[in-house]
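This report goes through the helices, the strand pair and the main pocket of one chain. The sequence and the structure come first, and the description follows.

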Amino acid sequence: MSEWVHTYEALESFAGKAMELYRQKISQAGIDSNFLEGLTKEIEVESGNYMVSLHLEEYWKHIEEGRKPGKFLPREALDNWVKANIKLPRPDKKGRLPTVKQLAYLVNRKIARQGIPARPFLSNTVEEVFSSFIDTLAGAFATDVEACAATMLDSLISKNK
């Protein structure tokens, strides 16, 4: 983080606001709450570069980008989704209940036939938050540049005395 405290704090605030808005959008869309439990943020600083990351469940991409008909989803992700979201149906006439794998197959077959529409919650959230946040980030960066420049000037002045 070093002396770029204001920039780091602004990025931390940006990530927090993005997470909050993303949670709202996902919840309003009725997407399972297990998906949101895995949502975390991280600010990384490496060699003077700042990177903001939101960590999501592995199937976020299928929600964000959708899926064209013709392909099945990865089995593990869908099994977990079925466990969290689908209530077991009533037993058939022989008293049998479908297993999670059987239900997952039926869901997957429908997805393979019809696809999944894209719901770009993440990209819309980032655009929305960033557009309202760019001035805050620019101000924080300017404050840090001024502080860094003042420190460097003080150092040069003290060396020349």
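Two strands count as paired if DSSP finds at least two bridges between them. In this predicted model, strand S1 (residues 40–46) and strand S2 (residues 49–55) meet that condition, with seven bridges in the antiparallel sense. Within the pair, Glu44 stands opposite Met51 in S2, and Ile43 has Val52 as its bridge partner in S2. Two residues lie between the strands of this hairpin, where Ser47 takes a positive phi near 55°.

**Helices H1 and H5**

The table sets out two helices with their spans.

| Helix | Number of residues | First to last C-alpha | Expected at 1.5 Å a residue |
|---|---|---|---|
| H1 | 24 residues | 35 Å | 34 Å |
| H5 | 15 residues | 21 Å | 21 Å |

In H1, the reach is close to the expected value, and the same wording holds for H5, whose reach is close to the expected 21 Å. Each helix is followed by a glycine with positive phi: Gly30 just after H1, at about 80°, and Gly115 just after H5, at about 80°.

The buried residues of H1 are Thr7, Ala10, Leu11, Phe14, Ala15, Ala18, Met19, Leu21, Tyr22, Lys25 and Ile26. In H5, the buried residues are Leu103, Ala104, Asn108, Ile111 and Ala112. Helix H4 is included in what covers the buried residues of H5.

**Two buried residues**

Why does Thr7 count as buried? Thr7 has a relative accessibility of 5%, and buried means under 20%, so Thr7 falls in that class. Thr7 lies in helix H1, which covers residues 5–28. Leaving aside residues up to four places away in sequence, Thr7 touches Leu137, Ala140, Phe141 and Asp144.

Leu36 lies in helix H2 (residues 33–37). The relative accessible area of Leu36 is 10%, which is under the 20% limit, and therefore Leu36 is buried as well. With residues up to four places away in sequence not counted, Leu36 touches Arg23, Ile26 and Ser27. Of these contacts, Ile26 also appears among the buried residues of H1. The C-alpha atoms of Leu36 and Ile157 are separated by 53 Å, and the two residues are 121 apart along the chain.

**The largest pocket**

What is the volume of the largest pocket? The value is about 470 Å³. The lining of the largest pocket has 21 residues, and the closest to the pocket centre are Ile63, Trp81, Ile111, Ile116 and Arg119.

Which helices each supply at least two residues of the lining? They are helix H3 (60–65), helix H4 (75–85) and helix H5 (100–114). Ile111, one of the residues closest to the centre, is also listed as buried in H5.

By class, the lining residues of the largest pocket divide into 13 nonpolar, five polar and three charged. Helix H4 thus enters the description twice: H4 supplies at least two lining residues, and H4 is part of what covers the buried residues of H5.

Note on methods
Residues numbered from 1 in each chain as written. Predicted model: local features only at pLDDT ≥ 70, side-chain atom pairs only at ≥ 80, totals over all residues. Heavy atoms only, no water. 1 Å grid on protein atoms, 1.4 Å probe; cavity = no way out; pocket = protein on both sides within 12 Å on 5 of 7 lines; lining within 4 Å. Points joined across faces, edges and corners; volume = space filled by probe spheres on them. Helix = DSSP H or I, 4+ residues; strand = E, 2+ residues; numbered from the N terminus. Nonpolar A, V, L, I, M, F, W, Y, C, P; charged D, E, K, R; others polar. Expected span 1.5 Å × (residues − 1). Buried < 20%, exposed > 50% of the residue type's maximum accessible area, 1.4 Å probe, protein only. Contact = heavy atoms within 4.5 Å.
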